[in-house]
Amino acid sequence: MPKGAKHIETGILRPSVWGYSLETEGGGVWQLDITGSVSKYLGQRVTVEGIRSGFNLLDVHRIQPANN
């Protein structure tokens, strides 16, 4: 997956050492670069839209509760 690619990922939002991470159902973990607070979503299943800017880093453009 090249840098700059758009991603839409769904998983559980967790706190991490660097801010927030997204644990996907397939076992992957994305570190999230998010502006502002999204603490209201911690521990919840969310969908994140963003641009890949590193090996496992997404620059988040949108985060919202996931449709079950």
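Okay, let's start on glutamate 9, which sits in strand S1, residues 6-16. When I say strand, I mean a DSSP run of E of at least two residues, while a helix is a run of H or I of at least four, and both are numbered from the N terminus. Leaving out residues up to four places away in sequence, glutamate 9 touches Leu22, Thr24, Trp30, Val46, Thr47, Val48 and Leu58. Contact here is heavy atoms within 4.5 Å. Glycine 43 is 34 residues from glutamate 9 along the chain, and their C-alpha atoms are separated by 15 Å.

Quick word on where this comes from. This is a predicted model, where local features need pLDDT of at least 70 and side-chain atom pairs count only at pLDDT 80 or more, though totals for chains, interfaces and linings use all residues. Residues are numbered from 1 along each chain as its sequence is written, and side-chain values use heavy atoms, with hydrogens and water left out.

Now the overall picture. The protein has 5 strands and 0 helices, so reading along the sequence you get β-β-β-β-β. For 68 residues, a compact globule would have a radius of gyration near 11 Å, and the protein agrees with that at 11 Å. That radius is taken over C-alpha atoms, and the globule rule is 2.2 Å times the number of residues to the power 0.38. The C-alpha trace spans about 30 × 25 × 20 Å along its principal axes. If you take contacts between residues at least 6 apart in sequence, 46% of them join residues at least 24 apart.

On the surface side, the protein exposes about 4300 Å², and carbon and sulfur atoms supply 51% of that. Those areas are Shrake-Rupley with a 1.4 Å probe, and for residues only the protein chains shown count as cover. Of the 68 residues, 37% are buried. Buried means under 20% relative accessible area, exposed means over 50%, and partly exposed is in between, again with a 1.4 Å probe and protein chains only.

Charges next. There are 7 positive and 6 negative ones, and their mean positions are 3 Å apart. For that count, Lys and Arg are positive, Asp and Glu are negative, and His and the chain ends are not counted. Each charge is placed at NZ of Lys, CZ of Arg, CG of Asp or CD of Glu.

So how many salt bridges does the structure hold? It holds 3, taking a salt bridge as a side-chain nitrogen of Lys or Arg within 4 Å of a carboxyl oxygen of Asp or Glu. Side chains of opposite charge can pair when their charged atoms come close.

Pair one: arginine 14 with glutamate 23, with the closest N and O atoms 3.4 Å apart. Arginine 14 is partly exposed at 32% relative accessible area, and glutamate 23 is partly exposed too, at 34%.

Pair two: arginine 45 with glutamate 25, where the closest N and O atoms are 3.0 Å apart. Arginine 45 is in strand S4 (residues 45-52) and glutamate 25 is in the loop between strand S2 (19-24) and strand S3 (29-33), so this pair ties together parts that are 20 residues apart in sequence. Arginine 45 is partly exposed, at 29%, whereas glutamate 25 counts as exposed, at 63%.

Pair three: arginine 62 and glutamate 49, at 3.9 Å from N to O. Arginine 62 is in strand S5 (residues 57-65) and glutamate 49 in strand S4, so here the parts tied together are 13 residues apart in sequence. Is glutamate 49 buried or exposed? Buried, at 17% relative accessibility, while arginine 62 is partly exposed at 44%. Not counting neighbours within four places in sequence, glutamate 49 is in contact with Lys6, His7, Ile8, Asp59, Val60, His61 and Arg62.

Val60 on that list deserves a look. Valine 60 is in strand S5 and is buried, with a relative accessible area of 16%. Beyond its neighbours within four places, valine 60 is in contact with Leu32, Asp33, Ile34, Val48, Glu49 and Gly50. Its C-alpha is 9.7 Å from that of isoleucine 8, 52 residues away along the chain.

Last stop, lysine 40, in the loop between S3 and S4. Lysine 40 is exposed, at 61%. Lysine 40 and leucine 13 are 27 residues apart in sequence, and C-alpha to C-alpha they are 9.9 Å apart in space.
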